[in-house]
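Reader: Please take the labels one at a time. For each one, I want the value, the cut-off and the conclusion.

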Amino acid sequence: LAAAFLAAFFMTPAQAMVCFDEAGYERFKRQFEEREIAKGTLGKGDELRMLLLSNKETGTWTMVIKRKDGLMCPFSSGNEFELIKPKVTGKVV
């Protein structure tokens, strides 16, 4: 599974992206001990959703696209993830 995930980053754009069904996605999350921390819709409608996963202990993160057919497709990942507290601007009232 990890090899397939890594291979996705070395494929040319014409090659297929590695995607998982619900069971495969759950195994993927367990393998990297990442949990969903954010989500959003990409574009108009609900055809694509973005999910952001992270592991608070290791600092790893993965961005996943959830397609309309339910398949989950990791497309980016990295290290040193941290949430940044927004700065408050303007006057405090």
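**Labels and their grounds**

Author: Lys-29 and Glu-26 are three residues apart in helix H2, and therefore about one helical turn separates them. A helix here is a DSSP run of H or I with at least four residues, a strand is a run of E with at least two, and both are numbered from the N terminus. This is a predicted model, in which local features need pLDDT of at least 70 and side-chain atom pairs count only at pLDDT 80 or more, while totals for chains, interfaces and linings use all residues. Residues are numbered from 1 along each chain as its sequence is written, and side-chain values use heavy atoms, with hydrogens and water left out.

Reader: What makes Lys-29 and Glu-26 a salt bridge?

Author: The term requires a side-chain nitrogen of Lys or Arg within 4 Å of a carboxyl oxygen of Asp or Glu. The closest N and O atoms of Lys-29 and Glu-26 are 3.3 Å apart, so the pair meets the rule. Glu-36 also forms a salt bridge with Lys-29, at 3.7 Å from N to O.

Reader: How many salt bridges does a search of the whole structure find?

Author: The search finds three. One of them pairs Arg-67 with Asp-69 at 2.5 Å, N to O. Through shared partners, Glu-26, Lys-29 and Glu-36 are joined into one network.

Reader: Why is Lys-29 called buried?

Author: Buried means under 20% relative accessible area, exposed means over 50%, and partly exposed lies in between (1.4 Å probe, protein chains only). Lys-29 has 15%, and is therefore buried. Its partners differ in label from it: Glu-26 is partly exposed because its value is 29%, and Glu-36 is partly exposed because its value is 35%.

Reader: Are Arg-67 and Asp-69 buried or exposed?

Author: Arg-67 has a relative accessible area of 31%, so it is partly exposed. Asp-69 has 52%, so it counts as exposed.

Reader: How do you know that Cys-19 and Cys-73 form a disulfide?

Author: The rule asks for a pair of cysteine sulfur atoms within 2.5 Å. In Cys-19 and Cys-73 the S to S distance is 2.0 Å, so the label applies. The count by this rule is one disulfide. The angle about the S-S bond is 105 degrees, and the link is right-handed. Cys-19 lies in the loop between helix H1 (2–7) and H2, and Cys-73 lies in strand S4, so the disulfide ties together parts 54 residues apart in sequence. Cys-73 is buried because its relative accessibility is 2%, while Cys-19, at 25%, counts as partly exposed.

Reader: What makes S3 and S4 a pair of strands?

Author: Two strands pair if DSSP finds at least two bridges between them. Strand S3 (residues 61–67) and strand S4 (residues 72–78) have six bridges, in the antiparallel sense, so they pass. Lys-66 stands opposite Met-72 in S4. Four residues lie between the strands of this hairpin, and Gly-70 in the turn has a positive phi of about 95 degrees.

Reader: Which residues make up the largest nonpolar core?

Author: They are Val-18, Phe-20, Tyr-25, Phe-28, Leu-51, Leu-53, Val-64 and Met-72, eight residues in all. Helix H2 (22–32) and strand S2 (48–54) each supply at least two of them. The set is called a core because it consists of buried residues (Ala, Val, Leu, Ile, Met, Phe, Trp, Tyr or Cys) joined through side-chain atoms within 4.5 Å. Contact means heavy atoms within 4.5 Å. Neighbours within four places in sequence aside, Tyr-25 is in contact with Phe-20, Glu-36, Leu-51, Leu-53, Val-64 and Met-72.

Reader: Why is Ser-54 called buried?

Author: Its relative accessibility is 8%, so Ser-54 counts as buried. Ser-54 is in strand S2. Beyond four places in sequence, its contacts include Glu-33, Thr-60, Trp-61 and Phe-81.

Reader: What does the side chain of Asn-55 reach?

Author: It reaches the backbone nitrogen of Thr-58 at 2.9 Å. A polar atom of the Asn-55 side chain also lies 2.9 Å from the backbone oxygen of Glu-33. Asn-55 sits in the loop between S2 and S3, and counts as buried because its relative accessible area is 5%.

Methods
A polar contact is a pair of N or O atoms within 3.5 Å; within protein, one must be able to donate a hydrogen and the other to accept it, and residues adjacent in sequence count only if both atoms are side-chain atoms.
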